[in-house]
Amino acid sequence: MPLRPHLAEAYRRALYVVYGAPDLVIRIGERNAALDALLDEDGADTAAYLTAANPGGTLQEERANEISCAALHQALADAGYRCYLGEGRDPAGGWPAEPSVLAVGISRREATVIGRSYEQNAIVFIERASAAELVVL
């Protein structure tokens with residue numbers, strides 16, 4: 001089923017934040033020098049920004065999202081990916097922040113499989129020295 005236009009636009013406008021000092025903010029269609037530096041530091045060429053919150057774009061209770069996202073983070077860590085916590089933010093404030101994870105070194109294929117397994121509509125995929133890409137699932 002194709003992604004509803006309003007959701008696709010919301011995903012494109014969202015701020016994909018990785019917690020840090022300062023926070024690292026990923027935007028769709030933009031290259032990010034700080035993210036490239038993080039990938040270099042971790043010896044990786046790729047990363048994916050993933051969440052398990054609000055499957056199918058349907059708002060869930062905060063506790064349910066926390067549990068799902070903790071399971072996602074643990075699964076990624078168990079698979080050996082370096083993970084950085086963060087949250088997806090609606091810059092207009094119309095949707096609550098979603099707990100998320102930046103998984104470093106993950107392939108597009110694996111990130112897509114994981115996104116689908118958590119019933120997500122899309123993921124963000126990053127290749128070093130390239131703009132962040134919204135991958136519709």
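Author: A pocket is an open set of grid points with protein on both sides within 12 Å along at least five of seven lines. The model shown here is predicted.

Reader: How much space lies in the largest pocket?

Author: Rolling a probe the size of a water molecule over the atoms shows where empty space is left. For the largest pocket, that space comes to about 490 Å³.

Reader: Which residues are closest to the centre of the largest pocket?

Author: The lining of this pocket is made of 27 residues. Five of them are the closest to the centre: Tyr11, Ala14, Tyr16, Trp95 and Glu98.

Reader: Which element gives the most to the lining of the largest pocket?

Author: Several elements supply at least two lining residues each, among them strands E3, E4 (82-89), E5 (98-104) and E6 (122-127). Helix H1 (5-13) is also on that list. The top contribution is five residues, and it comes from H1.

Reader: How many residues in the lining of the largest pocket are nonpolar, by class?

Author: Take the other classes first. Four lining residues are charged and eight are polar. The nonpolar class, which takes in Ala, Tyr and Trp, has a count of 15.

Reader: Within what arc do the buried residues of H1 fall, seen down its axis?

Author: Buried means under 20% relative accessible area. In H1, that applies to Leu7, Ala8 and Tyr11. They line one face of the helix, because seen down the axis they fall within an arc of 100°.

Reader: Which residues are exposed on the other side of H1?

Author: One side of H1 packs inward, against strands E1 (15-18), E6 and E7 (133-136). The other side carries two exposed residues, Pro5 and His6.

Reader: Which residues form the aromatic pair?

Author: A search of the whole structure turns up one such pair. It is edge-to-face, with 5.3 Å from centre to centre and 70° between the planes. Its partners are Tyr16 and Tyr49.

Reader: How many residues apart in sequence are the parts that this pair ties together?

Author: Both Tyr16 and Tyr49 are buried. Tyr16 lies in strand E1 and Tyr49 in strand E3, so the pair ties together parts whose separation in sequence is 33 residues.

Reader: What arc do the buried residues of helix H4 (108-117) cover?

Author: H4 has buried residues at Ala111, Thr112, Ile114 and Gly115. They sit on the same side of H4, because around the axis they cover an arc of only 165°.

Reader: Which exposed residues does the face of H4 turned away from its buried side carry?

Author: The buried residues of H4 are covered by parts including E3, helix H3 (62-78), E6 and E7. The face turned away carries two exposed residues, Arg109 and Ser117.

Reader: Which residue with a positive phi follows H4?

Author: Most residues other than glycine have a negative phi, and most peptide bonds are trans. In the loop between H4 and E6 there is a residue that is not a glycine and yet has a positive phi of about 55°. At 56% relative accessibility it counts as exposed, because the cut-off is over 50%. The residue is Glu119.

Reader: Is Ala129 exposed, buried or partly exposed?

Author: Ala129 lies in the loop between E6 and E7. Its phi is positive too, about 70°, although it is not a glycine. The relative accessible area is 45%, so Ala129 is partly exposed.

Reader: What is omega for the peptide bond from Ala21 to Pro22?

Author: Pro22 is in the loop between E1 and strand E2 (24-26). The bond from Ala21 to Pro22 is cis, with omega near 5°.

Reader: Which residues does Asp23 touch, not counting those up to four places away in sequence?

Author: Asp23 is in the loop between E1 and E2. It is partly exposed, with a relative accessible area of 35%. Its C-alpha is 19 Å from that of Cys69, which is 46 residues away in sequence. The residues it touches are Val17, Val18 and Arg89.

Reader: How far apart in space are Gly43 and Glu9, C-alpha to C-alpha?

Author: Gly43 is in the loop between helix H2 (33-41) and strand E3 (46-50). Gly43 is exposed, with a relative accessible area of 69%. Gly43 and Glu9 are 34 residues apart in sequence, and in space the C-alpha distance is 32 Å.

Technical notes: Residues are numbered from 1 along each chain as its sequence is written. This is a predicted model: local features need pLDDT of at least 70, side-chain atom pairs count only at pLDDT 80 or more; totals for chains, interfaces and linings use all residues. Side-chain values use heavy atoms; hydrogens and water are left out. Helices (H or I, at least four residues) and strands (E, at least two) are DSSP runs, numbered from the N terminus. Buried means under 20% relative accessible area, exposed over 50%, partly exposed in between (1.4 Å probe, protein chains only). On a 1 Å grid over the protein atoms alone, a cavity is a set of points where a 1.4 Å probe fits but cannot get out, and a pocket is an open set with protein on both sides within 12 Å along at least five of seven lines; lining residues have an atom within 4 Å of a point. Grid points are joined across faces, edges and corners, and a volume is the space filled by probe spheres set on the points. The arc is that of the directions from the helix axis to the C-beta atoms. Contact means heavy atoms within 4.5 Å. Rings of Phe, Tyr and Trp (its six-membered ring) pair if their centres lie within 6.5 Å; planes under 30 degrees apart count as stacked, over 60 as edge-to-face and the rest as tilted.
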